[in-house]
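Before you start turning the model around, take a minute with the picture and find the helices. How do they pass one another, and what lies around them?

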Amino acid sequence: MNRRDFVAGTASTGVALTLLPPELAGLEREKGPGGLERRTLGKTGARLSVVGFGGIVVSQATPAEAARRVGEAIDAGVNYFDVAPSYGDAEDKLGPALEPHRKGVFLACKTTQRTRDAASAELESSLRKLRTDHFDLYQHHAVTKRSEVETILGPGGAMEAFEAARKAGKVRFVGFSAHSAEAALALMQGYAFDTLLFPFNFATWHAGSFGPQVLARARELGMGILCLKAMAKGPWPEGAERRYAKCWYEPLDQPEQAALGLRFTLSLPVTAAIPPGDEQLFRMALSLAARFEPLSAQEAEAVRAMGLAAAPLFRFPSASA
């Protein structure tokens, strides 16, 4: 399977940023609506807000609440939305709320189905629920094991459904999210994906040795790099009150620490980060990102110390890969 011909980008209408640190010099960056920075997504030609809207933010919401949350995000400059069937009723709620804004946003969806027929059926279901005729990005979701990679890329695998959907105009770009570095590296070795969505987090990076090898390979390939878990602190401590029902991990919920976590991720040569699915944490991330500045050397060292003292959600090598 060969890499698709990438679409040429349109001219920027934002204000270009200057004095870029070397880590960000390979990205085109601009101020978008609401002051939220936008960055190029690999070779796709798309420019995305540095904070994306995870569909889980509207799961369990009323239609009015979902419409309000989506509208507030767009007013703040968000143009990147990501959802998956595994996020409860998020697709059902996001579809109607996003419909009036669909032409102006970049919509990504995912599937955990690993075979052609199952992935194709789930894609059609997601298109109906999201009230759209295509996804800007469709992704293999939460790939962890090498055996999953073999199924996805093998005969009758989900990659065949992705290819057919792209040929039919139902998908513009194809990518994956992964929960192990081994799976991410194997996917990049096996197919020329447009994007990846991966946990680039201060604790997993420093204490788990998890992330640098994936980022380096994705950059070599010119992929669009999207991020998860920027505001993750670590696993919930045993016996701790789980204060956020939509977070399976303990998030950074104090503004100062959350800012450092988000700034660590956005100081990497990446395009965007998707914050936790809790509504209040998402709003915090929007506020913090609107004031984003890359970490200074002194701040980077402080984040390194904070990361080395943390319990990472993921490690390399992975025992589950």
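## How the helices cross

Helices α3 and α5 cross in a right-handed way (the near helix is turned clockwise from the far one by less than a right angle; anticlockwise would make it left-handed). Keep in mind that this is a predicted model, so local features need pLDDT of at least 70 and side-chain atom pairs pLDDT 80 or more, while totals for chains, interfaces and linings use all residues. Residues are numbered from 1 along each chain as its sequence is written, and side-chain values use heavy atoms, with hydrogens and water left out.

Two numbers do most of the work here: packed helices are described by the angle between their axes and the distance between those axes. For α3 (residues 116-130) and α5 (residues 158-167), the axes come within 6 Å and cross at roughly 45°. An axis is a line fitted to C-alpha atoms, for helices over the stretch in contact, with angles from 0 to 180 degrees between N-to-C directions. The helices themselves (H or I, at least four residues) and the strands (E, at least two) are DSSP runs numbered from the N terminus. The two helices are therefore oblique to each other; under 35 degrees would count as roughly parallel, over 145 as roughly antiparallel and 65 to 115 as roughly perpendicular, with the rest oblique.

Which residues do the touching? On the α3 side you'll find R116, A119, S120 and L123, and they meet A158, E160, A161 and A165 of α5 (contact means heavy atoms within 4.5 Å). Sorted by class, that contact has five nonpolar, one polar and two charged residues. Here Ala, Val, Leu, Ile, Met, Phe, Trp, Tyr, Cys and Pro count as nonpolar, Asp, Glu, Lys and Arg as charged, and the others, Gly among them, as polar.

Now scroll back along the chain to α1 (residues 63-75) and α2 (residues 90-98): their axes come within 9 Å and cross at roughly 60°. They are therefore oblique to each other too, and the crossing is right-handed. From α1 come A66, A67, V70 and I74, facing K93, L94, A97 and L98 of α2. That gives seven nonpolar residues, no polar ones and one charged.

Helix α2 is mostly covered, with seven of its nine residues buried (under 20% relative accessible area; exposed is over 50%, partly exposed in between, with a 1.4 Å probe and protein chains only). Those seven are A90, E91, K93, L94, G95, A97 and L98. The cover includes β5 (53-54), α1, β6 (80-83), β7 (106-111) and α3.

## Aromatic rings

There are 15 aromatic pairs in the structure. Rings of Phe, Tyr and Trp (its six-membered ring) pair if their centres lie within 6.5 Å; planes under 30 degrees apart are stacked, over 60 edge-to-face and the rest tilted. One of the pairs is Y138 with F162, which is tilted: 4.9 Å centre to centre, with 45° between the planes. Y138 sits in strand β8 (residues 135-143) and F162 in helix α5, so the pair ties together parts that are 24 residues apart in sequence.

Elsewhere, F198, F200, W205, F210, W248, Y249, F264 and F314 form one aromatic cluster.

## A few residues to click on

Buried or not? Here are some relative accessible areas.

| Residue | Relative accessible area | Class |
|---|---|---|
| Y138 | 1% | buried |
| F162 | 1% | buried |
| K229 | 10% | buried |
| R263 | 16% | buried |
| P255 | 46% | partly exposed |

Helix α9 (residues 255-266) holds P255, and R263 lies in α9 as well. Setting aside neighbours within four places in sequence, P255 is in contact with M284 and L288. With the same kind of neighbours left out (up to four places away), R263 touches F292, E293, P294, L295, S296 and E299. And how far is P255 from E293? The two are 38 residues apart in sequence and 15 Å apart in space, C-alpha to C-alpha.

The backbone has some curiosities as well. A142, in strand β8, has a phi near 55°, a positive value in a residue other than glycine. K229 isn't a glycine either, yet its phi is positive at about 65°; look for K229 in the loop between β11 (224-228) and β12 (232-234). Finally, F316 and P317 are joined by a cis peptide bond, with omega about 0°. You'll find P317 in the segment after α11 (297-308).
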